[in-house]
Amino acid sequence: ATAIYVKASLPLGFDFGGVTVPGYVVDTTKTSGSELYVTGGGTDAFLVGGQPFTMKLENVKLGRGGGTTQWSIVTYSDVQFTNRSDDRQNISSFLLPGRVEVLTQNLYSQFRSQGSAEPVRSLLPPRSGEAAVVHLEVTFSLAVPAGHRISFKSEGEQGGAVIDGASLVIQDRFQ
């Protein structure tokens, strides 16, 4: 085949409007939104049946909301995209991550919950080198089913803070 058409069906919002494909020619008269038209730049076949093929896409706007991506691919034996060679419809592919939004973030002294025993220190901000309590309220654009993993990582000058798994509490405020 000498040309390929690619359509990103899911998630919605893919945009190939500014795409570049190193080593190939994007037909900018046809490429628009979630539809991409690419040729090898000549009449020679660059897609050979049964042979692996890699095409690197740059400057693509990814779909919104995340989830499993779904694609349709059609190859053509001419650069005018008229003589269809082969096609595959509704191919499920990689998982596009969703969005995590931080609604609130607070850092408290380890003494905050000890107001009666530590009346002054419970009101002070955390000090360097001491344990602290982090309170984050986050939302996810995709469901996070039970049994799936949520990872938290701390970054800092000394390799980050240690997250105490024994005292980590995750609450679903919608229950």
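## Polar, charged and aromatic contacts

The side chain of Ser72 comes to 3.3 Å from the backbone nitrogen of Asn90. This is a predicted model. Ser72 belongs to strand 4 and is buried, its relative accessible area being 6%. Leaving aside residues up to four places away in sequence, Ser72 touches Tyr5, Val6, Lys7 and Ser9, and also Arg88, Gln89 and Asn90.

A second side chain that reaches a backbone nitrogen is that of Asp15, which lies 2.8 Å from the nitrogen of Gly17. Asp15 is placed in the loop between strand 1 and strand 2 (25-26). With 30% relative accessibility, Asp15 counts as partly exposed. Its contacts, not counting residues up to four places away in sequence, are Gly33, Val60 and Lys61. Asn59 is 44 residues from Asp15 in sequence, and the two C-alpha atoms are 9.1 Å apart.

**Charged side chains**

The count of salt bridges is five. Three of them are listed here, with the separation of nitrogen and oxygen.

| Salt bridge | N to O distance |
|---|---|
| Lys7 and Glu35 | 3.7 Å |
| Lys56 and Glu58 | 3.5 Å |
| Arg121 and Glu118 | 3.1 Å |

Lys7 and Glu35 form a salt bridge at 3.7 Å. Lys7 is in strand 1 (residues 3-10) and Glu35 in strand 3 (residues 35-39), so this pair ties together parts 28 residues apart in sequence. Lys7 is partly exposed at 26% relative accessibility, and Glu35 is partly exposed with a relative accessible area of 26%. In the pair of Lys56 and Glu58, Lys56 is exposed, at 54%, whereas Glu58 is partly exposed, at 29%. Arg121 is partly exposed at 33% relative accessibility, and its partner Glu118 is partly exposed at 22%.

Which side chain of opposite charge is nearest to the buried Asp78? It is Lys30, 8.8 Å away, and Asp78 has no salt bridge. A salt bridge requires the nitrogen and the carboxyl oxygen to be within 4 Å. Asp78 sits in the loop between strand 4 (67-76) and strand 5 (84-96). Apart from residues up to four places away in sequence, Asp78 touches Thr2, Ala3 and Asn83.

**Aromatic rings**

There are ten aromatic pairs. One of them joins Tyr5 and Tyr37, with 4.8 Å between the centres and 50 degrees between the planes, a tilted arrangement. Tyr5 in strand 1 and Tyr37 in strand 3 are 32 residues apart, and the pair links distant parts of the chain. Tyr5 and Tyr37 are both buried.

The rings of Phe16 and Trp71 also form a tilted pair, with centres 6.5 Å apart and planes at 40 degrees. Phe16 is in the loop between strand 1 and strand 2, while Trp71 is in strand 4, so the pair ties together parts that are 55 residues apart in sequence. Phe16 is buried at 1% relative accessibility, and Trp71 is buried at 11%.

Ring pairs also link Tyr5, Tyr37, Tyr76 and Phe81 into a cluster.

**Charges over rings**

Two arginines sit over aromatic rings. The charged end of Arg112 is over the ring of Tyr108, at 3.8 Å from the centre of that ring. Arg121 lies over the face of Phe111, 4.0 Å from the ring centre. Arg121 also forms the salt bridge with Glu118 listed above.

Definitions and conventions. Residues numbered from 1 in each chain as written. Predicted model: local features only at pLDDT ≥ 70, side-chain atom pairs only at ≥ 80, totals over all residues. Heavy atoms only, no water. Helix = DSSP H or I, 4+ residues; strand = E, 2+ residues; numbered from the N terminus. Buried < 20%, exposed > 50% of the residue type's maximum accessible area, 1.4 Å probe, protein only. Lys, Arg positive; Asp, Glu negative; His and termini not counted. Contact = heavy atoms within 4.5 Å. Polar contact = N/O pair within 3.5 Å; in protein donor to acceptor, adjacent residues only side chain to side chain. Phe/Tyr/Trp six-rings, centres within 6.5 Å; stacked < 30°, edge-to-face > 60°. Lys NZ or Arg CZ within 6 Å of the ring centre and 35° of its normal.
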